[in-house]
Amino acid sequence: MPTARVNGIDIRYELLGPPAGQGPGPDRTPIVLTHGFAGPLDDERPDLLPLADKRTLVLYDVRGHGRTTVPPDPADYSMPQFAADLAGLLNAIGIERAHVGGVSMGGMVTAQFAVDYPELCESVIICDSTCGNGADTGPGGDWERKMKTGISALGYLANKHGLEETVRRQQDFDRANNPHLAESPYPPEGDYERIKLMTVPGYVGAAKAIAERPDLTSRIPAITAPALVMIGEWDDFYPCALRDHALVPGSRLVVRRRCGHGERWRLDTWHSELEAFLDDVEAGRPVAGEREV
């Protein structure tokens with residue numbers, strides 16, 4: 001289990017696939033993907049492994065998650081800190097430039113990374129996520145404000161009642177409010193398995209980082225790397241994705257029909273669209289446009 005000492009913590013990571021520049025076909029830039037909230041590397045790894053067929057795939061546990069250090073102080077968790085950790089990790093393992101992406105919380109880390117460390121981004125991939133935090137008055141901002149309340153409540157519940165009870169209450173809420181829950185590819189028992197990879201301090205710290213993240217909608221128009229914004233049509237983040245696509249010059253929007261939150265919904269489409277985007281970037285083709293799949 002390799003780790004890298006970065007910013008005073010040990011970050012657990014994995015390098016999968018062919019070494020950088022040695023994949024099949026043209027020279028392949030590594031891809032680094034950041035996982036979602038309370039969904040560490042070990043949970044998302046099976047969904048992401050096919051990406052290692054063509055290029056180096058870098059996966060890692062965000063601070064507070066999985067086998068990376070869990071600082072006890074909530075003040076040590078923030079979205080800029082998560083981005084700085086990723087920059088430090090890439091430096092520690094000798095990757096000078098990468099396709100940088102993530103799903104859900106991982107997309108938030110990616111957006112922060114893209115504006116703070118643009119020189120490290122060959123491309124930017126934001127999936128089922130948002131670049132904002134309630135600054136605008138449109139439907140994207142409406143959802144972000146609602147999500148901020150919800151994620152703060154989850155952090156409070158975890159602190160007061162523990163992680164399993166927090167999962168139970170979140171599932172109760174989903175059963176009452178999610179019209180597509182019966183179609184979800186994420187089984188309820190998976191939530192309890194995933195939460196075993198977390199601690200209360202890590203969960204609470206990450207929830208704080210999400211709730212208090214900077215609103216980047218004024219900064220993302222400066223992104224110059226090719227960008228992919230991918231979203232499920234049933235995802236609550238859908239209006240955020242439409243707004244962020246409009247703000248990032250030359251970005252590609254992919255809407256996956258009959259999909260909710262997370263890459264596992266119609267996983268084949270998630271992989272095919274991501275691979276098509278990476279192929280276009282590496283071939284120097286323009287990526288701008290909008291697609292439904």
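Start in helix H5 (residues 163-177) and select Arg 175 and Asp 172: these two are 3 residues apart, so about one helical turn separates them. Now look at their side chains, where the closest N and O atoms of Arg 175 and Asp 172 lie 2.4 Å apart in a salt bridge. Asp 172 is partly exposed, because its relative accessible area of 33% falls between the 20% and 50% cut-offs. As you follow along, keep in mind that this is a predicted model.

**Stay with H5 and add H4**

Next, show helix H4 (139-161) together with H5. At what angle do H4 and H5 pack? The angle is about 140 degrees, and the two axes are 7 Å apart. That angle makes H4 oblique to H5. The crossing of H4 and H5 is right-handed. To see who makes the contact, select Leu 154, Leu 157, Ala 158 and His 161 on the H4 side, then Leu 163, Glu 165, Thr 166, Arg 169 and Gln 170 on the H5 side. If you colour the residues of this contact by type, you will find 4 nonpolar, 3 polar and 2 charged.

**Swap H4 for H6**

Hide H4 and bring up helix H6 (residues 188-195), which packs against H5 at an angle of about 155 degrees, with the axes 10 Å apart. H5 and H6 are therefore roughly antiparallel to each other. The crossing of H5 and H6 is right-handed. Which residues meet here? From H5 come Leu 163, Glu 164, Val 167, Arg 168 and Gln 171, and from H6 come Pro 188, Asp 191, Tyr 192 and Ile 195. By type, the contact of H5 with H6 has 5 nonpolar residues, 1 polar and 3 charged.

**On to the salt bridges**

You have already met one charged pair. Side chains of opposite charge can pair when their charged atoms come close. The count for this model comes to 31 salt bridges, so there are plenty to explore, and two more stops follow.For the next stop, select Arg 12 and Asp 42, whose side chains meet in a salt bridge with 3.1 Å from N to O. This pair links distant parts of the chain: Arg 12 sits in strand S2 (residues 9-16) and Asp 42 in helix H1 (residues 41-48), 30 residues apart. Is Arg 12 buried or exposed? Arg 12 is buried, because its relative accessible area is 3%, under the cut-off of 20%. Asp 42, in contrast, is partly exposed, with a relative accessible area of 30%. Now add Glu 14, Arg 45, Asp 61 and Arg 67 to the selection, and you will have a network of salt bridges that links them with Arg 12 and Asp 42.

Then select Asp 136 and Arg 243, another salt bridge, with the closest N and O atoms 2.7 Å apart. Here too the pair links distant parts of the chain, 107 residues apart: Asp 136 is in the loop between strand S6 (121-127) and helix H4, while Arg 243 is in helix H8 (residues 238-247). Arg 243 counts as buried, at 15% relative accessibility.

**Last stop: Ile 210**

Finally, select Ile 210 in helix H7 (residues 200-211). Ile 210 counts as buried because its relative accessibility is 3%. Which residues does Ile 210 touch, leaving aside those up to four places away in sequence? Show Phe 37, Met 79, Met 105, Met 108, Asn 133, Met 147 and Ile 151, and you have its contacts. To end the tour, draw a distance line between the C-alpha atoms of Ile 210 and Pro 179: these residues are 31 apart along the chain, and the line spans 25 Å.

Technical notes: Residues numbered from 1 in each chain as written. Predicted model: local features only at pLDDT ≥ 70, side-chain atom pairs only at ≥ 80, totals over all residues. Heavy atoms only, no water. Salt bridge = Lys/Arg side-chain N within 4 Å of Asp/Glu carboxyl O. Helix = DSSP H or I, 4+ residues; strand = E, 2+ residues; numbered from the N terminus. Buried < 20%, exposed > 50% of the residue type's maximum accessible area, 1.4 Å probe, protein only. Axes fitted to C-alpha atoms, helices over the stretch in contact; angles between N-to-C directions. Parallel < 35°, antiparallel > 145°, perpendicular 65-115°, else oblique. Left-handed = near helix turned anticlockwise from the far one by under 90°. Contact = heavy atoms within 4.5 Å. Nonpolar A, V, L, I, M, F, W, Y, C, P; charged D, E, K, R; others polar.
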